Amino acid sequence: MIQLTLRNLWGRPLRSLLTTGGIAVAMAVLLSLSAFGEGYRRALGAELGRMGMQMMLVPLGCPYDAAVRVIKGKTLENSLPESATDYARRDAAVAVAAPMLLASVPRPEEGRTDLWAGIDRTALELKPWWRAKAGAAWFSGPDSVILGAEAAEAELRWPGDLLYSPETGRTLRVAGVLERSGTSDDSLFFVPLPTAQAMFHQPGRLTAVAIRLRDPSMLHDATERLQNAPGAQVVVLTEMMGTFLNLVGAVRTLLLAIALVALSVSGMTVFNTLLGSVLEQRRELAVMRAIGASRGQVFFTVGAQTAALILVGCGGGLLLALVLGPVIEGTVRHWVPLAPSGNLLAFTPGIVLGSFGLELVVGGLACLYPAWHASQVSPALAMRLE
Amino acid sequence: MSATSAPRPALWIALGLLVLSTIVLATLRPADPYQGLRHQQSTPPIEAAPMCPWREPQTDLRLFFPGATGSTAETRVLSGKRLELTRRLGRPPSAEENALHLFRIRAANALLGSLMVRRVKGEHGAIELVIATDPQGAIQGVRVQRQREPQATAEILHSGAWLGRFRGLSADQIRESEPFFHGVPREAHVSAAAVVDGVHTQLILLSVAEQSGAPAAPPHHH
């Protein structure tokens with residue numbers, strides 16, 4: 001029976017190849033998009049986890065826009081009064097409240113932007129990765145700067161060197177260079193908070209206050225209290241993550257719909273291939289029936305052909321997804337707002353098995369009619385066709 | 001319907017649908033729900049550090065090679081020339097100096113010259129240089145494409161008069177920075193010296209690559 005199945009497939013190599021190719025493409029699309037969804041969720045979670053905080057006080061306006069801009073080290077048009085920090089620190093549930101002022105200085109003629117971050121010592125409690133690769137891990141004075149790893153490489157700076165900010169006219173001395181963290185902080189120029197406020201003419205103003213609670217279970221009550229901070233609003237990072245996953249989910253649903261179209265097409269291809277194969281093999285099937293094969297055995301023969309096509313196609317699809325995955329990731333990354341750093345494709349066993357299963361179900365449905373049609377071939381047909 | 005010919009039209013239709021869906025998948029862009037947000041935050045991307053980019057090819061081609069019709073990126077491997085490089089540079093070459101990245105500038109089939117970019121350490125930040133040479137390796141022109149120096153130094157680095165001092169010089173003719181300091185304010189000396197050293201080093205790398213026939217990676221056309 002297996003031999004007959006394989007012979008039928010080999011009998012029409014081009015048709016079999018095209019059918020498995022269709023299955024492989026559908027499988028690759030389905031796998032890549034599913035892996036992207038999982039990878040995005042993981043990467044976003046990891047990035048927020050590295051922030052070491054549960055919530056942020058940001059200026060009034062769109063809270064999610066503000067929060068994402070702060071996480072990505074981008075400046076805000078609005079600012080907070082510095083008193084928001086004291087307000088947060090007075091709350092019993094707050095363990096750490098770290099004020100920060102972010103400023104970006106676009107240099108369009110050079111195709112880059114200088115990103116400055118004014119921080120105070122409390123920021124270190126939220127940045128466990130903060131370690132100096134060279135020099136000191138903290139500012140030596142108001143005119144000192146600490147550089148993220150990439151910023152130091154781009155500017156060829158080392159501890160003791162000078163760094164000039166042409167836009168603000170300020171000369172700073174490099175106190176230290178940080179180890180690479182894999183976050184957007186790698187591109188930042190860190191300066192003491194009062195220095196940043198002076199450089200960017202924002203005395204007494206902040207971009208955000210990052211907050212870590214003593215106990216995460218206090219989140220709900222603390223959020224309600226901190227909403228009353230003057231000129232500020234609270235963004236809870238888990239809510240933000242959920243919101244972004246929902247937004248990305250909408251895009252992903254559209255992409256999955258396309259994957260389902262591909263899957264349907266592959267199902268129709270399987271259906272067409274099998275039906276053609278059954279029609280071509282009517283005589284052989286009739287002979288099988290005449291020499292004693294049951295309807296079930298004939299049905300199984302067609303089912304085995306389907307399984308062989310699906311398994312080969314799925315294997316090809318997995319290979320295709322692994323090869324084309326990085327390309328798809330690079331393309332999809334452009335559609336995603338403020339995509340987290342790190343790998344956005346996570347090919348987990350669950351995703352691979354789930355996609356295999358779905359393809360098998362589609363293939364199984366596609367083979368029902370051809371298999372039934374094959375099982376209905378009458379043994380007498382063998383005589384007539386003879 | 002005959003047993004062998006019946007399924008073929010259906011197969012071709014299915015194949016067509018498959019190809020169509022693949023094309024749709026490859027080209028379709030879903031509506032971007034973040035367009036507004038993206039517009040607000042549209043700032044130039046941050047560069048990756050190690051390799052110095054050639055930021056304004058069109059500007060530089062117009063400036064140094066007005067008749068240019070195209071350029072070819074080329075990489076010359078110099079790791080086999082360490083001894084010669086050490087002798088000519090007066091120090092061992094750095095890791096980045098084991099390869100020379102350059103652009104061959106052409107007008108139709110004629111070679112007009114070469115163009116190189118290099119990042120050097122200025123007093124107050126990195127300085128990026130664009131160095132254009134003629135086919136013999138003499139300087140056609142130098143431009144500072146990026147710097148973060150105080151105004152007095154920046155004015156010198158961008159001044160045509162100062163950059164013009166490099167014109168026509170070859171690697172062997174730039175031996176020291178001193179002649180380049182005439183009329184240059186003292187506070188600009190460190191960065192000016194970095195530029196001179198950077199240009200000199202780059203010319204030596206080019207000279208060694210040209211003389212030795214250092215192996216080239218496959219060229220990339222622009």
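This is a short walk through a two-chain model, starting with chain A and moving on to chain B.

Okay, one thing up front: what you see is a predicted model, so keep that in mind throughout.

Let's start with chain A. Chain A has 386 residues, and 55% of them count as buried. In secondary structure, we have 12 helices and 12 strands in chain A. If you take contacts in chain A between residues at least 6 apart in sequence, 80% of those join residues at least 24 apart. As for the outside, the accessible surface of chain A is about 16000 Å², and carbon and sulfur atoms account for 63% of that.

Now zoom in on strand β3 of chain A, residues 94-107. How many of its 14 residues are buried? It's 12 of the 14, so β3(A) is largely enclosed by the rest of the structure. Which strands does β3(A) pair with? One partner is β4(A), residues 112-119: the two run antiparallel, with eight bridges joining them. If you want a spot to click on, Ser104(A) has Leu115(A) in β4(A) as its bridge partner. β3(A) and β4(A) make a hairpin with four residues between the strands, and in that hairpin Gly111(A) takes a positive phi near 65°. Another partner is β11(A), residues 208-213, again antiparallel, this time over six bridges. There, Met100(A) sits opposite Ala208(A) of β11(A). And a reminder while you're looking at β3: in a regular strand, side chains alternate between the two faces of the sheet.

Next stop, helix α10 of chain A, which covers residues 295-335 and contains Gly313(A). Is Gly313(A) buried or exposed? Its relative accessibility is 0%, so Gly313(A) counts as buried. And what does Gly313(A) touch, once you leave aside neighbours within four places in sequence? Thr20(A), Ile23(A) and Ala24(A). For another long-range reference, Ser266(A) is 47 residues away from Gly313(A) along the chain, and their C-alpha atoms are separated by 9.8 Å.

Before we leave chain A, have a look at the aromatics. Trp129(A), Trp130(A), Trp138(A), Phe139(A) and Phe190(A) come together as one aromatic cluster. Over all chains, a search of the whole structure turns up 11 aromatic pairs.

One of those pairs takes us over to chain B. In Phe166(B) and Phe180(B), the ring centres are 4.6 Å apart and the planes are at 25°; planes under 30 degrees apart count as stacked, so this pair is stacked. Where do these two residues sit? Both are in the loop between α6 (160-164) and α7 (189-212) of chain B, 14 residues apart, and the pair links distant parts of the chain. Phe166(B) and Phe180(B) are both buried, too.

Stepping back to chain B as a whole: seven helices and six strands. Reading from the N terminus, the order goes α-α-α-β-α-β-β-β-β-α-α-α-β. There are 222 residues in chain B, and buried residues make up 47% of them. Of the chain B contacts between residues at least 6 apart in sequence, 62% join residues at least 24 apart. Chain B exposes about 11200 Å², with 58% supplied by carbon and sulfur atoms.

There's a nice helix to look at here: α5 of chain B, residues 151-158. Which residues of α5(B) are buried? Thr153(B), Ala154(B), Ile156(B) and Leu157(B). Looking down the axis of α5(B), the buried residues fall within an arc of 160°, so they line one face of the helix. That goes with the textbook picture: an α-helix has 3.6 residues a turn, so residues three or four places apart point the same way. And what covers those buried residues of α5(B)? The cover includes β4 (126-133), β5 (139-146), α6 and α7 of chain B.

Also in chain B, Thr72(B) lies in strand β1, residues 70-77. At 6% relative accessibility, Thr72(B) counts as buried. Thr72(B) and Leu102(B) are 30 residues apart in sequence, and 8.3 Å apart C-alpha to C-alpha.

Last thing, cysteines. How many disulfides are there over all chains? Zero, from a search of the whole structure. Two cysteines to look at are Cys367(A), buried with a relative accessible area of 8%, and Cys52(B), buried at 12%.

That's my tour, thanks.

Methods: Residues are numbered from 1 along each chain as its sequence is written. Chains are lettered from A and ligands numbered from 1 in the order in which they are written. This is a predicted model: local features need pLDDT of at least 70, side-chain atom pairs count only at pLDDT 80 or more; totals for chains, interfaces and linings use all residues. Side-chain values use heavy atoms; hydrogens and water are left out. Rings of Phe, Tyr and Trp (its six-membered ring) pair if their centres lie within 6.5 Å; planes under 30 degrees apart count as stacked, over 60 as edge-to-face and the rest as tilted. Buried means under 20% relative accessible area, exposed over 50%, partly exposed in between (1.4 Å probe, protein chains only). A disulfide is a pair of cysteine sulfur atoms within 2.5 Å. Two strands pair if DSSP finds at least two bridges between them. The arc is that of the directions from the helix axis to the C-beta atoms. Contact means heavy atoms within 4.5 Å. Accessible areas come from the Shrake-Rupley method with a 1.4 Å probe; for residues, only the protein chains shown count as cover.
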